[in-house]
Amino acid sequence: MQPRRPTRQIVLGDPRVGFVRIGGGLPNRDGTPTTPAPISVQTMTAGYTHDIDACVREIHKLAAAGADVVRVAVPEKKDTDALKHIIPQVKVPIVADVHFHFQRALEAVEAGVHKIRLNPGNIQDRSQVIEVIKACKAKGLPIRVGVNEGSIIERKDKQKRMKELGAVFSEHKQGYLLAIMIAKLEEYLDIFYEQDFYDIAISAKSMDASLVIDAYTEISKRFDHPLHLGVTHAGPKETGTIRSVVALGGLLINGIGDTIRISYANDPVYEVEDGLELLYCLGKRERIGVDLIACPTCGRIQVDLFTLIQDVRKALASKIIVPMKVAVMGCIVNGPGEAEGADVAVFAGDRRGIIYVQGERVANVPEPEILDRLLKECLDFQGKVQRGEAKLGEKKVEIIPPDPIGELGSGYEKIAAGNVDKFAPLTVGRS
Ligand code: SF4
């Protein structure tokens, strides 16, 4: 894991919704020192912004899921008009996503939005960009300059477009597109610098994960602005998650990226959850709530584990706020090992669940009772952590695994033959 790349810092928000810092580590242009902010998670509403009540509901839902910043589309004046009513009702910084009409940016600034996103591909008139810069500067608002692969190809000039598309499909696709993206950014950012405006974040998105990695890597060498990472047009959730995670994960591991948006065609709540999980997995954010470990199941399975895992996930998501490790395992093979490493764990045997808290066996219950008992143990343990009576990640006892584990085979016959308690190797040995 490479150290985080230092950048200038932008801040968005207000005293009512709170402030979100993005990037940091380098002093800002006025000499103010900055420290790197936690990598934030962004998403975008899927509904119409002018449907005020629905938009407010969606923003609440996204904030509750953990979104640090929410972006909304403002294609029409009725959308920027709606912002005046939406912003006072929400508790998270709002970004207006502006394309084609610079007036929407001016209206959004007037409506109290916390940041503007401009696309160099479709707001190109220099005087219009300057108007937006001036309006944001007057209110101390940052601007994200967001280049997208899909909008950098000139659409009005068919000849030019065909030439560029030809290049897109040539073997030099990556290099050619990358060069266009960087050139667009440099050209656009010059307008900002000429206006002495540096409150900028940059994004350069593509649907091609490897191009995203190359583009941001190149941009990180050329600019010191914080970077908003994302893959655009990533597709349905099933494939879009992988496309996004491989690109963003690769960059984050290399220390590149200050705020992220996972995007795909599905409920944006999932984007927020996946974005947070990516940061948790890389150790880039302190986890809130459960770290759920579960086996993939196999022919040794002893209970309906898929259902149990989903039930456990849903039950714990709303009730557990401390970052406890919970393991849900299908059988005796890896169950004891994971139970030992987790704060609370269950592993299955003969349609039963053996439950452990920090390595200590606390219950052996039939399958229908596993969920409730596991939930009870998690809540009790959370209470102890909150009262300072227990520490997360502390191993109290050592579980001696079955020996030799291979002799158990699938475990089914032996476990099915009787109570799992009869298995001597499953007893807990005090260390
Ligand atoms: S814990 Fe048991 S059921 Fe789960 S994958 Fe491992 S061997 Fe299979």
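This report describes the ligand surroundings, the nonpolar cores and a sheet of a predicted model.

## Surroundings of the ligand

The residues around the ligand come from two stretches of the numbering that can be read in turn: Cys 295, Pro 296, Thr 297, Cys 298, Arg 300 and Ile 301 are listed, and with them Met 329, Gly 330, Cys 331, Val 333, Asn 334 and Gly 335. By residue class, this shell divides into 7 nonpolar, 4 polar and 1 charged.

## Nonpolar cores

The largest nonpolar core holds 75 residues, and the members that touch the most others are Ala 96, Ala 105, Ala 108, Val 113, Ile 116, Tyr 216 and Leu 248. For Ala 108, once residues up to four places away in sequence are left out, the contacts are Val 74, Thr 80, Leu 83, Ala 96, Val 98, Val 113 and Ile 116. Another core, of 31 residues, lies apart from the largest one and includes Leu 308, Ile 354, Ile 370 and Leu 374.

## The open sheet

An open sheet is formed by 8 strands with parallel pairing, and their order across the sheet is β8-β7-β6-β5-β4-β3-β10-β9. Its edges are the strands β8 (200–205) and β9 (228–230), each of which pairs on one side only. On average, and with direction ignored, neighbouring strands of this sheet are turned by 25° against each other.

At the β9 edge, the partner strand is β10 (residues 259–261), which runs parallel to β9 and is joined to it by 3 bridges. Within this pairing, His 228 stands opposite Thr 259 in β10.

Key
Residues numbered from 1 in each chain as written. Predicted model: local features only at pLDDT ≥ 70, side-chain atom pairs only at ≥ 80, totals over all residues. Near = placed C-beta within 6 Å. Nonpolar A, V, L, I, M, F, W, Y, C, P; charged D, E, K, R; others polar. Core = buried A, V, L, I, M, F, W, Y, C linked by C-beta atoms within 7 Å. Buried ≥ 20, exposed ≤ 12 C-beta atoms within 10 Å, placed from the backbone. Contact = placed C-beta atoms within 7 Å. Pairing = 2+ DSSP bridges. Helix = DSSP H or I, 4+ residues; strand = E, 2+ residues; numbered from the N terminus. Axes fitted to C-alpha atoms, helices over the stretch in contact; angles between N-to-C directions.
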